[in-house]
Amino acid sequence: MGTLDYIWLGILAVFQGPELFSIFGLPVSVTLVMILIGFLTGIAVGATPGLAGPIAMAIALPILISIFGYTPDALLPVMGFLIGVMKGATIGGAVPAILFNTPGTPDAYMTTLDGYPMTQKGQARKALRVAHFSSASGDTFSDIVLIICAPFLALLVEAYLDFPEKTALLILSLSFIGAVIGGSPAKGVLSTGLGLLAVYIGTGEDFYPRMSMGSDHLSQGFPIATSVLGVLIIGAVFKEMTDLWHQQRKSGTPPQFTDEGNQRLTRAEICRLLPFVGRSALIGTAIGALPGIGSTLAATLGYTVGRARHARTKSANVPDFGEGASEGIAATEAANSSVSGANLIPVLSLGIPGNAAAVFLILAAESIGGFNPGPSVFRFTQDVVNPELVIAFGLFTAMFIANALNWTIGGLFMRSMGVMVRIPKHILLPTVLLLTLTAIYVQETRIEAIWFALGFGALGYVMRLLAISPLPFVIAFILGGKLEESARQAFAATGGDAWFLFSSPISIGFIAASIGIILFSAGKKKHAA
Amino acid sequence: MRHSNGNLILGGVTLAFAILVIFVWIPLDTQTGLIEKVRRQVTIGDALAPTIAASFLAIGGLMLVLFERNADDQPRVSSQDVLFGLALVASVILSVLVMRYSGPATISIWNLLSGGEAEYRLLRDTAPWKYIGFLLGGTMMITLLVSLVEGRVRARTLLIAFVSVSVMAAIYDLPFDDLLLPPNGDV
């Protein structure tokens, strides 16, 4: 089995998987249909303020697992759906940002700066076309980088890193995520510590489940769905509802603007946008490849770099950034969209999730079984087929199919989603809460799971009130088990050497970098204060 | 402008919690120590991983106290936010309790009225009994939460909540035989 054979098997797994129906005798696989449904759902969800890709993923996951079961055949349809949602939500977020000055997703905030002024000038449809073109370009570029980089990175990790180095790498990732997510490194580290502590309750190797306080309820630990969905979704719903309660809700309907002039994107306009798209795609991809750094930072950086170039190169009659420049939309959307593909580099090559969407991909893989994202996936075995590698190439194929959908029908569907902003958020959010609790219950089938999720939701709410990012908590919860297992293996492999983390230059480098990144971020924050 | 001391308090509380975890909770509630020797083999004990977790907490707390106590972007948590959050959580708890017990309670009332001896456990996968808890509790949850935000209770909200919960029940229950709506997995 060569590399090309594996790529071909991955493509066939998507196109020749279980057949759903046929058109003119041509079988249409269920994975293809799921990618399409996920993509359209993602656009609709992204276009709805208050909802976001992770919420749709959280609600859909138990339903999808019920439909497809716990077999390896379920992996590609379920993960294809999630990939579709991830990509759709990225472009959908621009719709209310441009049409109503309300970002559908947090990373679309910068899109409002030029998108809404374009709408006010009667250029709404053109602005949406710019957003779609830039978003699809950035996304495609980032996927290409992912497909090239992830296998190589995984092979490097497998070739050069043993158990002590892998343990040190996990510590580095957790420190990095803690230090860079959110505005405060201290709170990031605190959030990481809470996540680790939560995952270690009720687990361990002894007969007595550690830290369970003798309680039967805690003896099996917290189910992953309760902690992830609790902190990430329920906490967000509570916080959004509090914000809504604070807001003096505006009465009346939003102002209407009539489209004026040519709304199409001409070839000359596309050529003018390309340098902005290119720069931002590079920025977004580089940022996305580092676990934990979100698309909001990418959008801000892409916009800032684009604004500097625009100020230097623009002619007199072209609007500045912030006054309805299509280049502003292009710079933002290309940057935030190129994060999503690159964010999967640490997931697939190292097994380390870098954002909420990646968390749900790992959750799906763990729930279904048969695919453990990480360096071991990319073993190009010659004599027997490595099914995980086939799935990995199937996922890459799914990403390109989602990109093809994005380029073909994405723009049209996106432009029809303006209506989603009319859904009242204060009714939508409680419905999302009940859906999430139901999703957790149908997975766990015990009321305890709802209480756990509610407890984690309250924790997520308090964390948000205290400006502590919940993402390091979730990532630490997911990686905590792996960290302990890896440390146990490293300890055993080094013959019980308590200093195994300092047994090789690579692991010493990783540990030094972990300490360095925390000290550097803390020093920078102190300097800024 | 006077700085908020939120980070200092949070850092102090976190540090105290971390110390409590390391020196009280872990030693009292874990069977093995940091490193264990079993039949001449040295292995990592169950206490090591939570100690590392608590160390992260301690480092975070210490960083808040040492480096970020004067940060400009410190949150100011209002008592209103806390009270509203408590009201939200209380509403959900109340609704889940209604969800959990309204089905069995309905059967008990039914038995009282009809003199029958029906058991909810045996009827938990039979319509309409299996929907009672989810519909009542779910409708109550959405109505309470929407009313909290709106600051008033409206019949329209109740109707919207009931329709939403009915649709939800249909989505989860009708196509899948193996899915059990809450609370039917427990009772």
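1. In this predicted model, chain B and chain A bury about 6,400 Å² between them, and 76% of that area falls on carbon and sulfur atoms. On the chain B side, the residues that lose the most area to chain A are Ile44(B), Phe56(B) and Tyr172(B), together accounting for 11% of what that side buries. In terms of contacts, 72 residues of chain B meet 73 residues of chain A.

2. Polar links also cross this interface. Between chain B and chain A, 19 residue pairs are in polar contact, with both partners at pLDDT 80 or more. The elements of chain B that each supply at least two residues to the side touching chain A are helix H1 (6-29), strand E2 (41-44), helix H2 (48-66), helix H3 (79-114), helix H5 (129-150) and helix H6 (155-173). Of these, H3(B) gives the most, with twelve residues. By residue class, the side of chain B that touches chain A divides into 47 nonpolar, 15 polar and ten charged residues.

3. Two salt bridges are found across the interface of chain B and chain A. One of them joins Asp46(B) to Arg210(A), where the closest N and O atoms are 3.8 Å apart.

4. The second largest pocket deserves separate comment. Its space comes to about 850 Å³. The lining consists of 33 residues, and those nearest the centre of the pocket are Ile171(A), Leu501(A), Ile511(A), Ile52(B) and Phe56(B). Phe56(B) was named above as one of the residues of chain B that lose the most area to chain A.

5. Both chains contribute helices to the lining of the second largest pocket: helix H8 (163-180), helix H19 (471-493) and helix H20 (505-528) of chain A, together with H2 of chain B, each supply at least two residues. The greatest share comes from H2(B), with ten residues. The lining divides into 27 nonpolar residues, five polar and one charged.

6. Enclosed space should be considered as well. The count is one cavity of 30 Å³ or more, and the largest cavity has a volume of about 50 Å³. Its lining is made up of Met79(A), Leu344(A), Val347(A), Leu348(A), Leu361(A), Ile362(A), Pro373(A) and Leu395(A). These lining residues comprise eight nonpolar, no polar and no charged.

7. Which helices of chain A each supply at least two residues of the lining of the largest cavity? They are helix H14 (344-350) and helix H15 (356-368). H14(A) gives the most to this lining, with three residues.

Note on methods
Residues numbered from 1 in each chain as written. Chains lettered and ligands numbered in written order. Predicted model: local features only at pLDDT ≥ 70, side-chain atom pairs only at ≥ 80, totals over all residues. Heavy atoms only, no water. 1 Å grid on protein atoms, 1.4 Å probe; cavity = no way out; pocket = protein on both sides within 12 Å on 5 of 7 lines; lining within 4 Å. Points joined across faces, edges and corners; volume = space filled by probe spheres on them. Helix = DSSP H or I, 4+ residues; strand = E, 2+ residues; numbered from the N terminus. Nonpolar A, V, L, I, M, F, W, Y, C, P; charged D, E, K, R; others polar. Contact = heavy atoms within 4.5 Å. Buried area = accessible area lost by both parts, 1.4 Å probe. Salt bridge = Lys/Arg side-chain N within 4 Å of Asp/Glu carboxyl O. Polar contact = N/O pair within 3.5 Å; in protein donor to acceptor, adjacent residues only side chain to side chain.
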